[in-house]
Amino acid sequence: MRVFTTFEELEKAAGEDLGSSEWLTVDQDRVDRFADATDDHQWIHVDVERAEEGPFGGTIAHGYLTLSLVPMLGAQVYSLETPGAKLNYGINKVRFPNPVLVGSRIRCHVRIAAVSDIPTGKQLTVQHTVEIEGADKPAMIAETVVLLLP
């Protein structure tokens with residue numbers, strides 16, 4: 001795991017691939033709990049029997065479930081231990097090019113996309129690519145934006 005303790009270390013890492021998280025199996029229980037938490041019970045996610053006849057041959061994870069795993073998976077790859085507050089500012093360019101079939105294993109590949117100065121500190125943009133084991137296309141690509149305040 002890469003630990004950043006100073007803004008200077010982050011700036012030097014701009015454009016650098018940091019590596020990938022461990023593999024995580026996305027099981028039906030996780031999908032069902034996410035459906036309960038978000039009140040999104042669309043059959044393609046939670047109705048195992050019906051989904052077997054659907055377009056993917058089984059249930060798939062919600063795209064937003066995949067996105068919500070980024071903080072946990074990313075924390076296996078890097079840690080921000082810079083002084084001051086770290087605030088989630090937003091997400092850029094989120095895409096879900098490939099569904100995650102329940103039972104699949106995913107991992108997150110992390111790249112420091114940019115570090116820029118802002119009046120209150122630094123703005124960090126991190127590219128997260130969630131890969132599906134054995135798949136040609138990723139499940140998700142997103143850039144997270146973090147404000148780092150001194």
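This short report looks at how strand S6 pairs with other strands, and then at an aromatic pair. Keep in mind that the model is predicted.

**Strand S6 and its partners**

Let's start with S6, which covers residues 105-118. Strands S2, S3 and S7 each pair with S6, and here is how they line up:

| Strand paired with S6 | Residues | Sense | Bridges | A facing pair |
|---|---|---|---|---|
| S2 | residues 17-20 | antiparallel | three | Ser20 and His109 |
| S3 | residues 24-25 | antiparallel | two | Leu24 and Ile106 |
| S7 | residues 121-132 | antiparallel | twelve | Ala114 and Thr125 |

To find these on the structure, go to His109 in S6 and you'll see Ser20 standing opposite. Ile106 in S6 is the bridge partner of Leu24. For the pairing with S7, look at Ala114, whose bridge partner in S7 is Thr125. How do you get from S6 to S7? A hairpin joins S6 to S7, passing through two residues.

**An aromatic pair**

Now for the rings. The count of aromatic pairs comes to one. Tyr64 and Phe96 make up that pair, in an edge-to-face arrangement with 6.1 Å centre to centre and 85° between the planes. Tyr64 sits in helix H5 (residues 63-68), while Phe96 is in the loop between strand S5 (86-95) and S6, so the pair ties together parts that are 32 residues apart in sequence.

Are these two rings' residues buried or exposed? Tyr64 has a relative accessible area of 59%, so Tyr64 is exposed. Phe96 has a relative accessible area of 36%, so Phe96 counts as partly exposed.

Conventions: Residues numbered from 1 in each chain as written. Predicted model: local features only at pLDDT ≥ 70, side-chain atom pairs only at ≥ 80, totals over all residues. Heavy atoms only, no water. Pairing = 2+ DSSP bridges. Helix = DSSP H or I, 4+ residues; strand = E, 2+ residues; numbered from the N terminus. Phe/Tyr/Trp six-rings, centres within 6.5 Å; stacked < 30°, edge-to-face > 60°. Buried < 20%, exposed > 50% of the residue type's maximum accessible area, 1.4 Å probe, protein only.
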